[in-house]
Amino acid sequence: MSDETRILVVDDQTVVREGLVLLLELLPGIEVAGSAGDGEQALAMVGELRPDVVLMDLRMPRVDGVEATRRIKQAHPEVEVVVLTTYADDESIFAALRAGARGYLTKDAGADEIARAVAAVRGGAAQLDPAIQRRLVEAVAADQRPVRAARGELPDGLTRREAEVLALIAQGRSNTEIAGDLFISEATVKTHINNLFAKAGLRDRAQAVTYAFRHGLAGS
């Protein structure tokens, strides 16, 4: 099995699509499996090329990115999708996440950010642009009040340290940053995340943000 991550680039704008291909080809550990101009073409190419990750634009003709993501995840659940788009509106964010996208970056993201997102979703984590993660928290805040446990109690048996880690996730902090904030190792951070995800029944960081705010644990 190759150590390289095979990526399919999907964008209806030729200049953007070709630029992404050129950028990705310069990154170590990444192989561009192909490129598609819309969601319908992407669906066919995923079946043919079997990429590990699809870098997916949202706004496209025929089949848009959200619907293409939904169909890809239904037919090929092992394929991860990272949404890369100009639009950071809440409706698109939630629609993409509900459809199965595991990563979400704006199109001004640099090569390093894209590489981190690809590595994160390949490893089973979610990767959200910090600005988008903040908007997720704001959207949850506008939608409903936090449901707080009794004073001194934490939901689902979370420990104080797990609650601290959860609050930092909700603030958009990476595992490395959380480790620095709490003066613990990154391996310990991962252990806390695995434990709190298991206790709370969470699948990824996007769900963790929503959970943290609903339970009044998102911090300030």
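**Reading burial and contacts, starting from Asp 57**

User: Where does Asp 57 sit in this model?

Analyst: Asp 57 is in the loop between strand S3 (53-56) and helix H3 (65-75). Keep in mind that this is a predicted model.

User: Okay, and is Asp 57 buried or exposed?

Analyst: The general idea is a cut-off: buried means under 20% relative accessible area. Asp 57 has 4% relative accessibility, so it counts as buried.

User: Which residues does Asp 57 touch, leaving out those up to four places away in sequence?

Analyst: For contacts, look for heavy atoms within 4.5 Å. Here Asp 57 touches Val 10, Asp 11, Asp 12, Gly 65, Leu 84, Thr 85 and Lys 107.

User: What does UniProt list for Asp 57?

Analyst: An unreviewed UniProt entry lists Asp 57 under "modified residue: 4-aspartylphosphate". Such annotations may be inferred rather than shown by experiment.

User: Let's try a helix. Why does His 192 count as buried?

Analyst: His 192 has a relative accessible area of 16%, so it falls on the buried side of the 20% cut-off. This histidine is in helix H9 (residues 186-200). Beyond its neighbours within four places in sequence, His 192 is in contact with Arg 161, Glu 162, Val 165 and Ile 184.

User: And what is the relative accessible area of Ala 117?

Analyst: Ala 117 comes out at 0%, so it is buried too. Ala 117 lies in helix H5 (residues 111-122).

User: How far apart in space are Ala 117 and Arg 102?

Analyst: Check sequence and space separately: Ala 117 and Arg 102 are 15 residues apart in sequence, and 9.0 Å apart from C-alpha to C-alpha.

Conventions
Residues are numbered from 1 along each chain as its sequence is written. This is a predicted model: local features need pLDDT of at least 70, side-chain atom pairs count only at pLDDT 80 or more; totals for chains, interfaces and linings use all residues. Side-chain values use heavy atoms; hydrogens and water are left out. Helices (H or I, at least four residues) and strands (E, at least two) are DSSP runs, numbered from the N terminus. Buried means under 20% relative accessible area, exposed over 50%, partly exposed in between (1.4 Å probe, protein chains only).
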